[in-house]
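Student: I would like to go through some of the labels used for this structure and see what each one rests on.
Tutor: Then ask about them one at a time.

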There are 2 protein chains.
Amino acid sequence: MTFTNLFDRFASGILSLSMTEATRTKLEAAARYASALSGDAPIVGNDKDQIVFVGSGSVKLVAHASAGREQVVAFQFAGDLVSVPATRAHAYSLSALDDCELISFPADEFFKLVQQEEGIILEVLKCSLVALANCREKAITLGRKTAQERLASFLVSMAERGGTPVDRGVELHLPMSRSDMGDSLGLTIETVSRQLSELRASGLLITPSRSKFLLLDLAGLQARAGHIRAAA
Amino acid sequence: MTFTNLFDRFASGILSLSMTEATRTKLEAAARYASALSGDAPIVGNDKDQIVFVGSGSVKLVAHASAGREQVVAFQFAGDLVSVPATRAHAYSLSALDDCELISFPADEFFKLVQQEEGIILEVLKCSLVALANCREKAITLGRKTAQERLASFLVSMAERGGTPVDRGVELHLPMSRSDMGDSLGLTIETVSRQLSELRASGLLITPSRSKFLLLDLAGLQARAGHIRAAA
DNA sequence: TCGGCGCATTGATCCAGATCAATGTGCTCT
DNA sequence: AGAGCACATTGATCTGGATCAATGCGCCGA
């Protein structure tokens with residue numbers, strides 16, 4: 001896929017159709033393209049706030065604290081728009097989970113260019129409110145839930161986002177490692193593994209391979225997620 | 001203060017000056033006013049997404065999980081605009097920390113009314129991005145920090161927001177109880193108290209009364225906050 | 001000014017999850 | 001296809017903060 005093609009995808013996903021041709025041209029000029037694979041160094045620097053569009057693949061937004069501690073703040077997937085803050089009390093970086101393509105803009109430039117385009121701003125606002133809601137859910141998980149509830153919540157939300165219904169349940173392909181899951185859920189890799197084993201032993205899921213999950217009982221997982229009510 | 005007065009405060013704080021008279025009239029009609037004191041029942045219901053302006057006083061946004069567990073997702077103060085999500089996996093409510101006045105709108109109505117007003121949407125977007133950045137900082141705190149680091153982070157951020165420099169350090173008036181602090185930091189009230197005692201013993205702060213804090217050594221607190229670098 | 005009461009502090013013990021350690025296994029590269 | 005290895009699982013022990021329990025004390029109302 002060419003970069004022009006990638007911008008088109010951004011334009012049809014996020015940008016309003018009503019956008020003027022002039023704005024589109026300017027945005028296209030301000031855009032910086034990047035593609036990366038899992039294991040590559042972080043893609044987006046952190047001296048300035050950035051707005052990043054995930055064209056394809058999936059990424060993790062990681063926050064860095066002292067003593068090398070890391071917290072995965074969000075996983076983001078193709079079609080998502082992500083705000084990556086500049087370093088203040090903590091440093092942020094965006095890393096690839098698999099082969100992915102990104103478009104990034106310095107946030108100040110981006111907002112300047114689209115400030116007259118109410119359709120685009122509204123779309124970006126909606127993305128931002130969804131991200132805020134997700135982050136708040138994460139805060140509950142990190143602040144008040146047991147290890148097992150964290151895993152169950154995580155699997156349920158991933159299934160809602162990208163699960164494929166099959167006859168025996170819901171199939172999930174998760175591009176992140178156990179270590180990424182741990183860093184996202186505030187747990188160690190060992191605890192993640194142990195809790196997965198327990199869910200497996202309870203007959204709630206099967207892991208046919210490292211990155212594939214077959215959720216056999218979504219309702220059972222929901223019930224173990226510590227939610228205020230069983231179903232959504 | 002009258003409610004009209006309160007709307008004026010909202011208008012001058014958040015709403016763009018460029019807003020049309022028609023939009024203003026419609027917004028004023030859609031607005032719902034509330035005032036409350038500490039101890040009152042939660043102010044904002046949760047069957048629909050709401051947008052709430054804090055005209056005066058301070059509030060906590062609380063998320064409710066199963067088994068009565070609560071997580072304070074954010075403290076918000078006069079002048080803030082808050083998005084309160086409808087109940088899905090968890091329930092959200094807004095409660096007064098002290099005497100306060102609020103204006104709320106159903107989110108869908110609010111966005112419909114301001115969708116042509118790019119100045120307003122941009123302002124709301126900025127509020128939302130600040131809230132997102134704060135929530136991410138909270139995620140790091142909840143996921144990866146020790147009890148002492150959580151307290152230190154909390155005090156430093158509160159000092160940045162509402163501290164008064166005095167000769168011996170920075171004076172803080174915190175309207176929330178120890179229990180609210182605990183629910184915000186993912187700790188019990190006992191741990192909050194113990195860590196405060198330790199900070200007191202280390203000469204970093206004095207607590208002249210229950211809600212007043214005198215931070216004697218902000219740099220020392222920053223150093224204990226687990227930040228990626230010492231000063232901002 | 002003096003109770004009384006709710007919040008805060010301090011102390012003792014317990015436990016979920018971290019840490020340390022060893023073993024197993026799916027993926028990749030040749 | 002096989003070797004090597006990074007990632008994952010499982011086990012043993014330790015510990016920070018939760019929980020259980022008692023005491024202290026600021027604040028409010030009479």
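Student: Why is D80(B) called buried?
Tutor: This is a predicted model, and in it D80(B) has a relative accessible area of 13%. Buried means under 20%, so D80(B) is buried.

Student: Where in chain B is D80(B) found?
Tutor: D80(B) sits in the loop between β4 (70-77) and β5 (81-84) of chain B.

Student: What makes the pair D80(B) and R161(B) a polar contact?
Tutor: Their side chains come to 3.0 Å. The cut-off is a pair of N or O atoms within 3.5 Å, where one must be able to donate a hydrogen and the other to accept it. The pair is therefore a polar contact.

Student: Which residues is D80(B) in contact with, leaving aside its neighbours within four places in sequence?
Tutor: They are V52(B), F53(B), V54(B) and R161(B).

Student: Now DNA strand D. How many residues surround DNA strand D, and which are the closest?
Tutor: There are 19, and the closest are S193(A), R194(A), S197(A), A147(B) and T191(B).

Student: What makes S193(A) a polar partner of DNA strand D?
Tutor: An N or O atom in the side chain of S193(A) is 2.8 Å from a phosphate oxygen of the strand. The limit is 3.5 Å, so the pair counts as a polar contact. T188(B) also has a polar side-chain atom 3.0 Å from a phosphate oxygen of DNA strand D.

Student: Which part of DNA strand D does R194(B) reach?
Tutor: An N or O atom in the side chain of R194(B) is 2.9 Å from a base oxygen of DNA strand D. Of the strand's atoms within 4 Å of the protein, 65% belong to sugar or phosphate and the rest to bases.

Student: Which helix gives the most to the surface near DNA strand D?
Tutor: α7(A), with five residues. The residues of that surface divide into two nonpolar, nine polar and eight charged.

Student: How do you know that T191(A) makes a polar contact with DNA strand C?
Tutor: A polar side-chain atom of T191(A) lies 2.3 Å from a phosphate oxygen of DNA strand C. That is within 3.5 Å, so the pair qualifies. For A147(A), a polar backbone atom is 2.7 Å from a phosphate oxygen of DNA strand C.

Student: Which helix gives the most to the surface near DNA strand C?
Tutor: α7(B) does, with five residues.

Methods
Residues are numbered from 1 along each chain as its sequence is written. Chains are lettered from A and ligands numbered from 1 in the order in which they are written. This is a predicted model: local features need pLDDT of at least 70, side-chain atom pairs count only at pLDDT 80 or more; totals for chains, interfaces and linings use all residues. Side-chain values use heavy atoms; hydrogens and water are left out. Helices (H or I, at least four residues) and strands (E, at least two) are DSSP runs, numbered from the N terminus. Buried means under 20% relative accessible area, exposed over 50%, partly exposed in between (1.4 Å probe, protein chains only). Contact means heavy atoms within 4.5 Å. A residue is near a molecule or strand if one of its heavy atoms lies within 4 Å of it. Ala, Val, Leu, Ile, Met, Phe, Trp, Tyr, Cys and Pro count as nonpolar, Asp, Glu, Lys and Arg as charged, and the others, Gly among them, as polar.
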